[in-house]
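Thanks for coming. I'll talk through strand pairing and aromatic contacts, so let me put the model up.

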Amino acid sequence: KSAKVEVSRGEYGQPTDTIFKKDFSPSRMGTFSGDFVLGKELKTGDYQLKVSVGDKEAAVSWFGVEIFQKPDFEVAVHPERDEYVSGDAVKVDVGANYFFGTPVKNQKVTVQVLDTYFSGGSIATKEGTLDSKGHFTAVFDDLRITKENHPWGSYRSSGGRPYTVTATVKENTGKVFSKSAAINVYPSEYSMRIEEPQTLWNLK
């Protein structure tokens with residue numbers, strides 16, 4: 001039997017307009033291959049690819065179509081260190097350069113510290129402007145491990161708290177590009193662990 005392949009645009013998980021339909025003849029192993037070209041005027045969104053054999057649906061898969069815009073410049077984020085102790089000043093250097101080599105000058109930059117473990121939301125923000133060399137330095141001195149925000153309960157445990165530092169640069173044209181880096185903040189510089197024996201023997 002032949003296999004019919006249909007590709008349809010979908011909305012809210014339901015296929016609507018069919019943009020491709022073709023019958024294929026499977027090999028003796030039951031396999032076939034084919035391709036089709038996405039038109040330049042094709043709408044973005046979700047599309048369904050359905051394979052039918054006779055009147056029965058054999059397989060369904062979904063894929064997305066989006067517009068790819070090549071970025072004009074790249075953003076770099078460099079924390080001074082990867083690990084910090086609660087109360088340390090977290091210094092982050094941000095750089096932005098066009099792909100043809102020159103720095104992105106005098107553009108707005110926003111640096112955020114995101115809560116990686118819990119909500120993923122921003123807990124600290126610094127805003128500024130890139131200098132003539134395309135650089136900006138943000139310093140955060142309020143990242144502290146407390147009883148309330150330590151992810152593993154005891155704020156005196158040795159485990160660090162993960163954060164994501166994200167820098168976003170916005171050009172005058174309205175184009176926005178971001179880059180992120182990961183850091184860990186520990187509750188203290190040192191930790192101590194005491195282990196008790198599981199079995200006590202009375203030798204009397």
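Before the rings, one cut-off: buried means under 20% relative accessible area, exposed means over 50%, and partly exposed is in between. Keep in mind that this is a predicted model.

Now the aromatic pairs. The count comes to 6. Take Phe24 and Phe32, which are stacked, at 5.1 Å centre to centre with 20° between the planes. Is each ring buried or exposed, or in between? Phe24 has a relative accessible area of 11%, so it is buried. Phe32 has 34%, so it counts as partly exposed.

Another stacked pair is Tyr47 and Phe63, with 5.9 Å between centres and 15° between planes. Tyr47 sits in strand S3, residues 45-53, and Phe63 in strand S4, residues 56-65, so this pair ties together parts that are 16 residues apart in sequence. Tyr47 is buried, at 1% relative accessible area, while Phe63 is partly exposed, at 26%.

There is also one aromatic cluster, formed by Phe73, Tyr98, Phe100 and Phe177.

On to the strands. Strand S11, residues 161-170, runs antiparallel to strand S8, residues 108-115, and 8 bridges join the two. Within that pairing, Leu114 has Thr164 of S11 as its bridge partner. S11 is also joined to strand S12, residues 176-186, by 10 bridges, again antiparallel. Here the bridge partner of Ala167 is Lys179 in S12.

What lies between S11 and S12 in their hairpin? There are 5 residues between the strands, and in this hairpin Gly174 takes a positive phi near 100°.

That's it from me.

Conventions. Residues numbered from 1 in each chain as written. Predicted model: local features only at pLDDT ≥ 70, side-chain atom pairs only at ≥ 80, totals over all residues. Heavy atoms only, no water. Pairing = 2+ DSSP bridges. Helix = DSSP H or I, 4+ residues; strand = E, 2+ residues; numbered from the N terminus. Phe/Tyr/Trp six-rings, centres within 6.5 Å; stacked < 30°, edge-to-face > 60°. Buried < 20%, exposed > 50% of the residue type's maximum accessible area, 1.4 Å probe, protein only.
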